[in-house]
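This briefing covers one sheet, the openings and enclosed space found around it, and a few single residues. Please look at the sequence and structure first.

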Amino acid sequence: MLPRMKKWKLMLCAVLAGMLMTAWTAHADDGIKVIIEGEEVQFDKSPVADQGTTLVPFRALFEALGLEVIWDQPTKTVAGRVNGEVVIKMQIDRKTAVVPSGEIELAVAPRVIDGSTYVPLRVVGEATGREVKWDGATRTITIGPAPKKGVDPATFYRAFVEANNAENLEAVMAAIHPKSPLLADGQFEAEVARGFEQFDVVTEIEELDVFEESDNEAVVRSVETSINTNGRFHMDNRAELALNLVKDEDGEWKIYTLQILGMMFLLEEDELTAEADLEADVKKAITDVLVANIEATEAEKLDAVLATIDPESPAYEQLGGQLGAQFLFYDLDFELELVNVIEVSDTQAYVYTVYTVKKIEGPEFVDSRIKQVHKLHRKEDGSWKVYISYTVGYEPLKPSQ
């Protein structure tokens, strides 16, 4: 008899141990709070914690999430719908669930506890596209809108280029970070708006790479061509750009800085040398500005050079320092070979120049022939000033020259 009694005692101990284990791994926890979209959900029965998973009565949860409740008694299946579409379906005691993306595994199956159907809270909340967070300090589960994933840096930049092609100024400016130095003086927006008024430029991306991407910052390299299509003269080009992207307060990518790494102008010589049909006095007024610029540079008269430059030019301050250093170390000879006015409108003009630069005195220097296109702005007093100059050709001169 003793061996049999020992066996029964062992079996009884095993049963009790199993019951204790069940009680330990799945127990009611009335200390857990559930907050959905800022409102605490009141359940008629306390949530249950099971192996790190919180289960709650399904009907109150579904209704708080805005789900239409569907219960199929024969199969013991519960489902939630939104606008007729099932977003989650689960079966009692089955460790899988069906969501829009397919079937997923559950850590804990739905079950009936004290006559009520309990379902895992997290999987239901996430199935509705919400974010589920657990705060251990306050024992609170919060269900709210999922954070915006946003687009990747490459997709963002392609959209920026498309906005430029569509001449959507609002979209272009919205892509610039509010703290970007590009917005410092309003010149960037003014230049973009002016370009949209005057040209129909189509930009095509040839290469696009993303480097050094982190959660909030990325560097994008783009190689792209920009061609004007409305017949007006434009500095068509193929450029390599580096852009620093930074996320704003909403977690969306924005352009913080833009750097031109290299640029090749796509201009034909006959396009640059063709004479514009304009009145002689207009042509002379514009040509005289470039002649005065070259003569003042050769004479090393800084004030006279700056008098030919538009004070609103982004290069105005930098130019003064560069010329000051040049005048200090070199004595150079400039010879203007060609000045051709390419195109003139009421407010601006494009002029093509070819000139040579030779060293008379100073450190090592390469004598050269330089080809440039100058963009001039017409000021309120009617005078013309150089706004920006583009070097479109460079040729070292032979020593004999």
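Strand β21 (residues 368-378) and β22 (384-396) are antiparallel partners joined by 11 bridges. The model is predicted, so local features need pLDDT of at least 70 and side-chain atom pairs count only at pLDDT 80 or more, while totals for chains, interfaces and linings use all residues. Residues are numbered from 1 along each chain as its sequence is written, and side-chain values use heavy atoms, with hydrogens and water left out. Helices (H or I, at least four residues) and strands (E, at least two) are DSSP runs numbered from the N terminus, and two strands pair if DSSP finds at least two bridges between them.

**Strand pairing**

- Between β21 and β22, Leu-376 has Val-386 as its bridge partner, and Lys-371 stands opposite Gly-393.
- The hairpin of β21 and β22 has five residues between the strands, and Gly-382 takes a positive phi near 90° there.
- β20 and β21 run antiparallel and are joined by 10 bridges.
- Tyr-350 stands opposite Lys-375 of β21.
- Six residues separate β20 from β21 in their hairpin, where Gly-362 in the turn has a positive phi of about 135°.
- Nine of the 11 residues of β21 are buried (under 20% relative accessible area, calculated with a 1.4 Å probe on protein chains only).

**The sheet as a whole**

- The sheet is open and has four strands, in the order β19-β20-β21-β22, with antiparallel pairing.
- β19 (331-344) and β22 stand at the edges with a single partner strand each, so one side of each has no neighbour in the sheet.
- From one strand to the next, the twist averages 25°.
- Helix α8 (residues 280-298) packs on the sheet and touches β19, β20 (348-361), β21 and β22, a contact being heavy atoms within 4.5 Å.
- The direction of α8 makes about 160° with that of β19; axes are lines fitted to C-alpha atoms, for helices over the stretch in contact, and angles run from 0 to 180 degrees between N-to-C directions.

**Pockets**

- Pockets and cavities are found on a 1 Å grid over the protein atoms alone: a pocket is an open set of points with protein on both sides within 12 Å along at least five of seven lines, a cavity is a set where a 1.4 Å probe fits but cannot get out, and lining residues have an atom within 4 Å of a point.
- The largest pocket has a volume of about 1,700 Å³, where volume is the space filled by probe spheres set on the points, and grid points are joined across faces, edges and corners.
- Its lining has 40 residues, and Phe-188, Glu-191, Val-192, Ile-260 and Tyr-390 lie nearest the centre.
- α6 (187-198) gives the most to this lining, eight residues, and β22 is one of the elements that supply at least two.
- The lining of the largest pocket divides into 23 nonpolar, 10 polar and seven charged residues, with Ala, Val, Leu, Ile, Met, Phe, Trp, Tyr, Cys and Pro counted as nonpolar, Asp, Glu, Lys and Arg as charged, and the others, Gly among them, as polar.
- The second largest pocket has a volume of about 900 Å³.
- The second largest pocket is lined by 33 residues, with Leu-319, Gln-322, Tyr-355, Gln-372 and Ser-389 nearest its centre.
- α8, α10, β19, β20, β21 and β22 are the elements that give two or more residues to that lining.
- The lining of the second largest pocket has 21 nonpolar and 12 polar residues and no charged ones.

**Cavity**

- One cavity of 30 Å³ or more is found in a search of the whole structure.
- The largest cavity has a volume of about 30 Å³, and residues including Thr-297, Gln-326, Tyr-330 and Phe-334 line it.
- α8, α10 (316-329) and β19 each give two or more residues to the cavity lining, and β19 has the largest share, three residues.
- The cavity lining comprises four nonpolar, two polar and three charged residues.

**Single residues**

- Gln-318 belongs to helix α10 and is exposed (over 50%), with a relative accessible area of 52%.
- Gln-318 and Ser-389 are 71 residues apart in sequence and 13 Å apart in space, C-alpha to C-alpha.
- Lys-45 is in the loop between β3 (39-40) and β4 (48-50).
- At a relative accessible area of 28%, Lys-45 is partly exposed (between the buried and exposed limits).
- Lys-45 and Gly-362 are 92 Å apart in space, C-alpha to C-alpha, and 317 residues apart in sequence.
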